[in-house]
Amino acid sequence: MTDVLVVGGGPAGLSAALFTAKNGLETVVYDTDETWLHKAHLFNYLGIESKDGTEFIEDARQQAEEFGVERRSAEVTGVEQTDDGFAVTTADGDAEATYLVLATGADRSLAEELGCAFDGDVVDVTVSMETDIEDAYATGAMVRDQEWQAVISAGDGGAAALDILSKEEGEHFHDFDTPADAE
């Protein structure tokens, strides 16, 4: 059993995974490499003057992996709540975790299967991206009607991760580094 399972390897999923792994939680990302960023060029992402979407996602994957994220190239075909958290099913087998972050773009089928509440066509979440199912989060395009931007999705992933980390710490958690922390 791992701490955090993230389904989706785009900006939302990798952002959530980066934050949780960087702060000591065992994190696994299931990534089918179908992110919309492969069709994008970024001019509107803060801190990036101009970058190909595929190059951006490769850099994001490398950064997450450097902080300990385990990335698995497998499609999640099922998800369910268990007594201890959540289980996902792939062709390679099942995995379990305490927390689940869904970051599957506009594909909301796993949220439906899990039984998450919807607000119209989008998954209903709190400001910290938690669904009505405790410890299950939905991010990015699955929670927004049309605001499908990489920077917004990454923020959603970060919000979910900070909520998870706050639960683990028992108080509000802030991922804030100083120059002295940098190597």
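Accessible area here comes from the Shrake-Rupley method with a 1.4 Å probe. By that yardstick, the chain in this predicted model exposes about 9500 Å², and carbon and sulfur atoms supply 44% of that area.

Now for what sits behind that surface. The chain has four helices and eleven strands. Its radius of gyration is 15 Å, close to the 16 Å the globule rule gives for 183 residues, so the chain is as compact as a globular protein of that length. If you draw a box along the principal axes, the C-alpha atoms fill roughly 45 × 35 × 35 Å. Inside, 48% of the 183 residues count as buried, meaning under 20% relative accessible area. Look at who touches whom, too: among contacts between residues at least 6 apart in sequence, 55% join residues at least 24 apart.

Let's zoom in on a pair of strands. Strand β1 covers residues 2-7 and runs parallel to β2, with four bridges between them. To find a spot to look at, start from Leu5, whose bridge partner in β2 is Val28.

What about the two faces of β2 (residues 27-30)? In a regular strand, side chains alternate between the two faces of the sheet. In β2, Thr27 and Val29 lie on one side, with Val28 and Tyr30 on the other. Every one of these four residues is buried, so both faces of the strand are covered.

Finally, the charges. The chain carries 9 positive and 41 negative charges, counting Lys and Arg against Asp and Glu. The mean positions of the two sets are 6 Å apart.

Definitions and conventions: Residues numbered from 1 in each chain as written. Predicted model: local features only at pLDDT ≥ 70, side-chain atom pairs only at ≥ 80, totals over all residues. Heavy atoms only, no water. Rg over C-alpha atoms; globule rule 2.2 N^0.38 Å. Buried < 20%, exposed > 50% of the residue type's maximum accessible area, 1.4 Å probe, protein only. Contact = heavy atoms within 4.5 Å. Charge placed at Lys NZ, Arg CZ, Asp CG, Glu CD. Pairing = 2+ DSSP bridges.
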